[in-house]
Amino acid sequence: MAVQDVSIKFSGYWSEYNRGLMPRRAGVFCVYRAHFDDLSKTTTMLELLYIGGAPNVNECLVEHRLADQWRACLGPDDSLSFSFGSVALPDLAACETALVMQHRPPCNEAVPQVFPFDRLLLKLTHRTPLLQCRFSIGARSSSAIHRLSGHWVRRGLDFLRSIQPG
């Protein structure tokens with residue numbers, strides 16, 4: 001099984017009010033809880049809330065079904081901020097799944113336990129706050145083996161606890 005090597009260059013940031021200007025291309029996007037400093041005119045990403053992917057990110061984000069959930073995570077001085085990384089359509093599902101599994105954002109509803117694609121090596125560049133910029137995931141990656149071995153250890157301990165002496 002060959003390792004697929006994918007590089008994603010993230011751009012951003014878009015606010016909730018100008019997210020309609022995001023690219024009309026296939027790719028992945030990150031939703032952040034952010035703070036905008038009026039004095040320095042800078043934005044600081046405080047928390048990664050959600051990772052998604054779409055054949056047209058612009059259309060996906062205009063009326064996203066989870067927007068209210070993202071807003072509920074904001075404090076009084078926080079705002080939503082978005083970044084975008086272009087991904088070829090054939091790689092989109094694998095890249096989105098890998099990013100969600102690796103980062104486990106709180107607003108992503110169902111995080112898969114097993115990566116359902118071939119092994120993938122992701123390299124993220126540019127606007128990547130709170131993201132791990134290089135990682136491997138898949139059938140033979142160390143993170144997958146670690147998760148699986150942890151699963152079997154927990155099952156073994158549960159079994160031993162269930163055995164009653166005598």
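Here are a few notes on one pocket and two residues in this predicted model.

1. Let's start with the second largest pocket. There is about 150 Å³ of space in it. If you want to find it in the viewer, look for Tyr50, Arg65, Glu96, Thr97, Val100, Asn108, Glu109, Ala110 and Pro112, which line the second largest pocket.

2. Which helix gives the most to that lining? Helix α3, spanning residues 92-103, does, with 3 residues. As for the mix of classes, the lining of the second largest pocket has 3 charged, 2 polar and 4 nonpolar residues.

3. Next, isoleucine 51, which sits in strand β3 (residues 42-54). Is isoleucine 51 buried or exposed? Its relative accessibility is 0%, so isoleucine 51 counts as buried, the cut-off being under 20%.

4. What does isoleucine 51 touch, once residues up to four places away in sequence are set aside? The list is Phe29, Cys30, Glu96, Leu99, Val100, His103, Pro105, Asn108 and Leu131. Glu96, Val100 and Asn108 are worth a second look, since they are also among the residues lining the second largest pocket.

5. Staying with isoleucine 51, try the C-alpha distance to arginine 104: the two are 8.6 Å apart in space, with their positions 53 residues apart in sequence.

6. Last up is arginine 33, in strand β2 (residues 27-37). The side chain of arginine 33 makes a polar contact of 2.9 Å with the side chain of aspartate 78. Beyond neighbours within four places in sequence, the contacts of arginine 33 are Thr44, Met45, Leu46, Glu47, Leu49, Cys73, Leu74, Asp78 and Ser79.

Terms used: Residues numbered from 1 in each chain as written. Predicted model: local features only at pLDDT ≥ 70, side-chain atom pairs only at ≥ 80, totals over all residues. Heavy atoms only, no water. 1 Å grid on protein atoms, 1.4 Å probe; cavity = no way out; pocket = protein on both sides within 12 Å on 5 of 7 lines; lining within 4 Å. Points joined across faces, edges and corners; volume = space filled by probe spheres on them. Helix = DSSP H or I, 4+ residues; strand = E, 2+ residues; numbered from the N terminus. Nonpolar A, V, L, I, M, F, W, Y, C, P; charged D, E, K, R; others polar. Polar contact = N/O pair within 3.5 Å; in protein donor to acceptor, adjacent residues only side chain to side chain. Contact = heavy atoms within 4.5 Å. Buried < 20%, exposed > 50% of the residue type's maximum accessible area, 1.4 Å probe, protein only.
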